[in-house]
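Below is a brief report on selected backbone features of one protein model. Please look over the sequence and structure first.

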Amino acid sequence: MATTILPEFVQETVQEDISHHSFTSNSEAESYAAADSRIRNDADVEPSQGISIIQRKLNGYVGFSTLPNQWHRRCVLQGFFFNLMVLGESGSGKSTLVNTLLNKDVHPLGPQPLSNEQGLLPESTVEISNNTVHIIENGINLEMTVIDTPGFGDFIDNTNCWEPIVNDIENRYNEYLDFEKRLPKSAIKDPRIHACIFFIQPTGHAMSVMELQVLLALHEKVNIIPVIAKADTLTDEEINLSKEIVLRDIQQHNIRIFVPPTYPMDDPESVAENADIMSRIPFAIIASNSFVVNSDGRRVRARKYPWGIVEIDNEEHSDFPKLREMLIRTHLEELKDRTNDLYEDYRTERLIKSGISQDHSVFREINPAAKLEEERALHEEKLMKMEAEMKVIFSQKVKEKEDRLNQSEKELRVRHRDMKTALEKQKVDLVDRKNRLTQSKSSEHEKSKRKFFK
Ligand SMILES: Nc1nc2c(ncn2[C@@H]2O[C@H](COP(=O)(O)OP(=O)(O)OP(=O)(O)O)[C@@H](O)[C@H]2O)c(=O)[nH]1
């Protein structure tokens, strides 16, 4: 049965969801309880890096186990791309290695002319050339861009001869940064260099000062894969000694080369494969794209000598098959992932230099349960604040209304008093008029009575 791994806080959230759920019927509550107890029984708690991991068995098919198929389909459609830099002195075998790696003569062999416009003495410059090859194998596309550095280390004064290379790597990061600002991720054609094969001369001695300086200038900017070139010019003992010396130099100078990562979930076969690759760094390389018939009568890629042949694809003869395996078959994506980390470091450094500092609080690990609790507390605080504000507004409105009512009551009282005064005055006037009328009436009556008796 399929299993899924959930962190403890997710389990807690699920438990909490169940316990806070209001059930509409008994049967619903029972089914929740049954599911809950199944979850508890199926859970297998393992501590990992201080976090408890809960493994759950699913009760049915969900469908996410087909996600790798979706990924596979997308990869087949889109294809893969890889930018590989080859860096070494002229004649160290860079073009031959690229051709051998791609099993195709894509790179011109032999010295490339380095002359100025007047055809005079060559200027002290390193040229950087790009060569993109599309390879299709079993329907899968690989777009490999090879970045060559002819002219590197060819001059009498090689001071800072690595600067054009550092600039090229940084320009590619800047270009990518610019793309990131303008384009969606899916539309970006990644110009960054994903690996740099660094050719060490097969001297049998320690690395030269220039080789060390180049490595120190580049190791924090690009994935370095050191190779001892033309290893067929050394005996087995010399190769082993050279590897020891190179590794010692790398360690002493704290140079970070690409080391294939291992994962806890790796199967024993992958672990053994990784260990084998690791044990061969720096790779002792013999390269050639010429075919020769060997003693078994097979046509093989080899270098032919009077004393015999050296087979290119034979692991007992050279580390070339392991290098190709690591580059293309097993660690292509890891190389690209680490390039992304190196790019992020470069981007941060550039932002700091331009005065923009990183807010590290945005990267702090967040426990979703604590986050929820924090959000709930904030929400409650906000509600209480709103309630208090509403109370103030309500009492203000009530007071305003009361004031208005008191005012209109006062006005009504004044009006009432005025009207009463007016009416009383009117009444007094009327009574006065009535009295006067009664008086005039009675005097007229007296007059008429006197007239009559006369
Ligand atoms: N013995 C030996 N010779 C090799 C090997 N790889 C390449 N060569 C020879 O070395 C010479 C130079 O090889 P290139 O591949 O052209 O070297 P490069 O580094 O590309 O040289 P530039 O293009 O000038 O920078 C050629 O004659 C190759 O045949 C090797 O593994 N062993």
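The report covers a strand pair, a cis peptide bond and some unusual phi angles in this predicted model.

## The β5–β6 hairpin

Strand β5 spans residues 129-137, and strand β6 spans residues 140-148. The two pair in the antiparallel sense. Nine bridges link them. One of the bridge partnerships joins S129 to D148 in β6.

Two residues lie between the strands of this hairpin. Here N138 takes a positive phi near 50°.

## A cis peptide bond before P282

I281 and P282 are joined by a cis peptide bond. Its omega is about -5°. P282 sits in the loop between α8 (268-280) and β9 (283-284).

## Positive phi on either side of α7

K230 is not a glycine, yet its phi is positive, at about 45°. The residue belongs to the loop between β8 (224-228) and α7 (236-252). Its relative accessible area is 39%, so K230 counts as partly exposed.

N254 is not a glycine either, and its phi is also positive, at about 50°. This residue is located in the loop between α7 and α8. Is N254 buried or exposed? N254 is exposed, because its relative accessibility of 60% is over the 50% cut-off.

## Where to look

For a quick check on screen, start at the hairpin of β5 and β6 and find N138. Then go to K230, in the loop between β8 and α7. N254 follows, in the loop between α7 and α8. Finish at the cis bond between I281 and P282.

Definitions and conventions:
Residues numbered from 1 in each chain as written. Predicted model: local features only at pLDDT ≥ 70, side-chain atom pairs only at ≥ 80, totals over all residues. Heavy atoms only, no water. Helix = DSSP H or I, 4+ residues; strand = E, 2+ residues; numbered from the N terminus. Buried < 20%, exposed > 50% of the residue type's maximum accessible area, 1.4 Å probe, protein only. Pairing = 2+ DSSP bridges.
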